[in-house]
Amino acid sequence: VAIGGGQYAFINNHSLQAQPSGSFTKVAGPHTIKAGGELRRQYLNFSQPSAPDAAFTFSRGITGLNPVVSNANQGDGFASELLGWGDNSGQAKWYDQPAAMATGYAGVYVQDDWRITSKLTVNVGLRYDFQMPRTERYNRLDSFNYNAASPISGQVPGLSGRALNGLFEFASSSQRSPFNGDYRDIQPRIGIAYALGNKMSIRAGYGIYYSQGRQGQYGWTGL
């Protein structure tokens, strides 16, 4: 016998993305110069409570002939409910606090399409992206730092003289995110196109690319 609502049956998931961007193009002789940038700000309000109105289950075991021995032919779940003796593995009442996450992204680029001859064109460009560390509106974030000294280092019997590492760190108003920003996403690009004739051309290119997704709101790596 089970009493209460289903666990994780309610989901509140609202996301929003603001994305201003701009670009321009300038033609100067054989050069076509393009530049621009964009800024993204992503928000996620999420909650999925497990059992906000409680959940109880009552098994037949407690009203069987021997409550510590399982028997499919003895006992009754409804009788266990009338006794008020629930199943330890099936009693739950908790509510997960909703999270208000935010993350951001910025990117700028510049590119030059240089038409050297009527047959040869070279493209040279550079892009820089930055993914802003994830934050929570009320600073309810934490992480485990494996390299930080443990607060009980030097206090554990038998481990004197040995350094213990491992520390839970929590976000605060001065340090809102436990994650470090990635400032290294510099992306050079180069390409070449050569016309062999009116119907055939050869193209080649090389570039480094990064991409940012909404997974960053959840704390996953978005690149």
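# Briefing: surface patch and salt bridges

Isoleucine 186 is partly exposed, its relative accessible area being 49%. The model discussed here is predicted. Two topics follow: a nonpolar surface patch that includes Ile186, and the salt bridges, of which the structure holds 5.

**Nonpolar surface patch**

- Isoleucine 186 is located in strand E11, which covers residues 182–195.
- On the surface, Ile186 forms a nonpolar patch with Ile33, Val110 and Leu126.
- Together, these four residues have about 310 Å² of accessible area.

**Network around glutamate 38**

- A network of salt bridges links Glu38, Arg40, Arg127 and Asp129.
- Within this network, glutamate 38 meets arginine 40 in a side-chain salt bridge, with an N to O distance of 3.3 Å.
- Glutamate 38 also forms a salt bridge with the side chain of arginine 127, at 3.3 Å from N to O.
- Because glutamate 38 lies in strand E4 (residues 31–47) and arginine 127 in strand E8 (residues 120–136), the pair ties together parts that are 89 residues apart in sequence.
- Glutamate 38 and arginine 40 are both buried, and arginine 127 is likewise buried.

**Salt bridge between glutamate 136 and arginine 140**

- Glutamate 136 and arginine 140 form a salt bridge in which the closest N and O atoms are 2.8 Å apart.
- Glutamate 136 counts as buried because its relative accessible area is 1%, under the 20% limit.
- Arginine 140 has 40% relative accessibility and therefore counts as partly exposed.

Terms used: Residues numbered from 1 in each chain as written. Predicted model: local features only at pLDDT ≥ 70, side-chain atom pairs only at ≥ 80, totals over all residues. Heavy atoms only, no water. Patch = residues over 30% accessible without salt bridge, like charges linked within 9 Å, V, L, I, M, F, W, Y side chains within 5 Å. Areas by Shrake-Rupley, 256 points an atom, 1.4 Å probe, with all protein chains shown as cover. Helix = DSSP H or I, 4+ residues; strand = E, 2+ residues; numbered from the N terminus. Buried < 20%, exposed > 50% of the residue type's maximum accessible area, 1.4 Å probe, protein only.
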